[in-house]
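Got the viewer open and the cartoon drawn? Let's take a walk through the model, one selection at a time.

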Amino acid sequence: MFFETGPKAFDDVVIDYDPKGAPQDHTGRPVLRDHLQCKWHVRPGDFGYEDFANPEFTKGTSVSILQRARDAQLAFAPAGEGARFQFVTNWSATDPLRKLIQLQHNSLDVGTLFKGGPRSETGRFRAHWAEHLGIDEDQLRLLVRTMSVNLRIRSGADIREHLNDRFARLGMKPIPASEAGFLYDDTIKKLHAQGRKEFDRESFKDMVRSENLLDDRREPPSWTIGVKSFLHPIDSLEARTDESLNLVPHFDDRYLRDEKSWNQSLYPELKEFVLSHAREHESLRLVLDAHVSLAFAVGSILDVKSGKSIAIEQRTGSRRFWSRDDFAADPDWPTIECQTEKLGDSAERAIAIGLTHNISGDVRSFLAGNLPSVGTLVTAKLASPALQSSVKCGAHAAHLAEALVDQLRQVGRCPRTHLFISAPNGFTFFLGQLHKAIGPSTVYEWDFDGRRTGTYSEGLTVG
């Protein structure tokens with residue numbers, strides 16, 4: 001790791017990765033080197049693609065940040081892969097640049113940018129950058145593949161919480177919310193003044209010890225494993241886990257390349273990965289940057305009889321990691337309500353679980369056009385309005401899953417259950433742990449981006 005060194009204009013932070021644990025770019029290729037250029041502003045503003053070709057945008061005199069990116073790409077990624085050059089800012093992007101930023105991994109949508117003729121919006125974009133650099137479109141394509149625009153529009157409090165999660169994972173001191181100062185800012189300034197700008201794994205550990213940054217009070221950590229089927233725009237899964245399973249190459253953004261792969265390829269790979277770590281560790285922490293099908297499947301693999309102590313990372317709610325016993329039960333927690341609707345004489349059933357959004361209308365429409373085998377629709381929702389914060393913690397999520405299954409037991413089993421879920425992954429995991437009580441189940445994925453069907457598609461089936 002380096003800071004304030006490297007190619008000019010992309011030298012704020014430079015990270016060299018071990019090839020064994022290197023993150024992947026948006027095409028699934030390893031990123032062996034990350035260059036970050038950070039532009040933080042105290043007042044809001046915005047920028048467009050033209051600004052990248054304007055030296056004044058980054059306080060330069062004659063060289064633009066786009067030219068700096070081109071120089072860095074030629075030096076470290078001449079074939080358009082292996083290195084990534086991130087422009088990190090808290091300003092907003094304007095169209096058409098904004099529409100080209102793929103929010104899952106902050107990369108630019110190369111395919112869309114290189115569509116359209118010279119007079120199209122993207123054609124003018126390409127021409128502006130290519131003419132500024134004096135290169136053709138083939139060379140421009142290689143550069144764009146390595147670039148990303150990271151819009152970190154987050155408050156200081158959010159950043160502090162994010163950093164504390166990282167510090168806890170590494171055994172370093174957290175930043176108390178009661179303190180106005182920032183211990184690590186002072187450390188960075190001190191190291192910079194001393195000319196200590198380059199660290200490998202061992203020298204970084206030595207620096208942390210010498211600067212008294214280790215948290216001696218923390219409990220020994222559980223073994224943390226992760227599964228990702230899409231790239232999170234902020235957090236690297238590899239940095240938050242001891243071991244991880246990367247399923248991203250099976251997908252094009254959030255869309256499975258081969259719909260048959262859910263059970264033929266993904267599930268066997270997922271099961272082997274999860275069980276191999278469950279056999280070795282009694283206590284597991286799970287990080288799932290993954291589709292709802294996979295969260296349910298992991299729960300089915302580590303079912304209620306697995307005998308493991310399990311916590312699952314959850315981005316919503318008041319706690320970072322949820323477990324079945326993280327809080328005492330509260331009578332004020334929202335409860336689950338189920339309504340059963342007869343659609344026909346077919347024996348299969350569908351369950352629309354809307355804990356964070358009301359999905360009953362979308363599910364009903366999908367069933368009408370796609371699943372004539374479903375004769376019963378069960379709508380499960382909270383007694384209070386469905387919100388992102390409706391599920392309070394792990395204990396609440398586990399209680400809701402158990403209450404739903406209890407109500408399904410009263411109706412009886414059926415040949416197959418079709419699950420449509422709008423809920424935190426923590427709830428979906430706990431529901432998966434109870435899969436035997438539900439019976440053979442297929443989980444459906446919602447088309448979030450609206451780029452395919454604009455509705456649901458069949459996901460993974462758990463027998």
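Select Asp136 and Asp138 to begin: at the start of α5, a side-chain oxygen of Asp136 comes to within 3.1 Å of the backbone nitrogen of Asp138. Keep in mind as you click around that this is a predicted model.

Now colour the rest of helix α5, residues 137-146. Which of its residues are buried? They are Leu140, Leu143, Val144, Arg145 and Thr146. Show what surrounds them, and you'll find that the buried residues of α5 pack against helices α1 (65-76), α3 (110-113) and α4 (121-133), along with strands β5 (83-89), β8 (107-108) and β9 (147-151).

Next stop, a sheet. Select β11, β10, β14, β15 and β16: in that order, these five strands form an open sheet with mixed pairing. β11 (243-246) and β16 are at the edges with a single partner strand each, so each has one side without a neighbour in the sheet.

Zoom in on β10, residues 223-228. Is this strand mostly covered or mostly open? It is mostly covered, with five of its six residues buried. β10 runs parallel to β11, joined to it by four bridges; look for Val227, whose bridge partner in β11 is Leu245. β10 is also parallel to β14, and here six bridges join the two. To see where they meet, pick Trp223, which stands opposite Leu284 of β14.

What packs on this sheet? Helix α14 (residues 425-433) does, touching β14 (283-289), β15 (309-313) and β16. The direction of α14 makes about 145° with that of β15.

Leave α14 on screen and add helix α13, residues 394-411. The axes of the two helices are 8 Å apart, and the packing angle is about 45°. That angle makes α13 oblique to α14. The crossing of α13 past α14 is right-handed. For the contact itself, show Gly394, Ala397, Ala398, Leu400, Ala401, Leu404 and Val405 on the α13 side. On the α14 side, show Gly426, Phe427, Phe430 and Leu431.

Hold on to Gly394, since it leads to the next stop: its backbone nitrogen lies 2.8 Å from a polar atom of the Asp326 side chain. Where is Asp326? Look in the loop between β16 (321-322) and β17 (336-342). The Asp326 side chain also reaches the backbone nitrogen of Ser323, at 3.4 Å. Is Asp326 buried or exposed? Its relative accessibility is 14%, under the 20% cut-off, so Asp326 counts as buried.

Last stop: select strands β21 (residues 441-446) and β22, which pair in the antiparallel sense over five bridges. Tyr444 is a handy marker here, as its bridge partner in β22 is Glu458. Finish by colouring β22 (residues 456-462) by burial: this strand is mostly covered, with five of its seven residues buried.

Note on methods. Residues are numbered from 1 along each chain as its sequence is written. This is a predicted model: local features need pLDDT of at least 70, side-chain atom pairs count only at pLDDT 80 or more; totals for chains, interfaces and linings use all residues. Side-chain values use heavy atoms; hydrogens and water are left out. Buried means under 20% relative accessible area, exposed over 50%, partly exposed in between (1.4 Å probe, protein chains only). A polar contact is a pair of N or O atoms within 3.5 Å; within protein, one must be able to donate a hydrogen and the other to accept it, and residues adjacent in sequence count only if both atoms are side-chain atoms. Two strands pair if DSSP finds at least two bridges between them. Contact means heavy atoms within 4.5 Å. Axes are lines fitted to C-alpha atoms, for helices over the stretch in contact, and angles run from 0 to 180 degrees between N-to-C directions. Angles under 35 degrees count as roughly parallel, over 145 as roughly antiparallel, 65 to 115 as roughly perpendicular and the rest as oblique. A crossing is left-handed if the near helix is turned anticlockwise from the far one by less than a right angle, and right-handed if clockwise.
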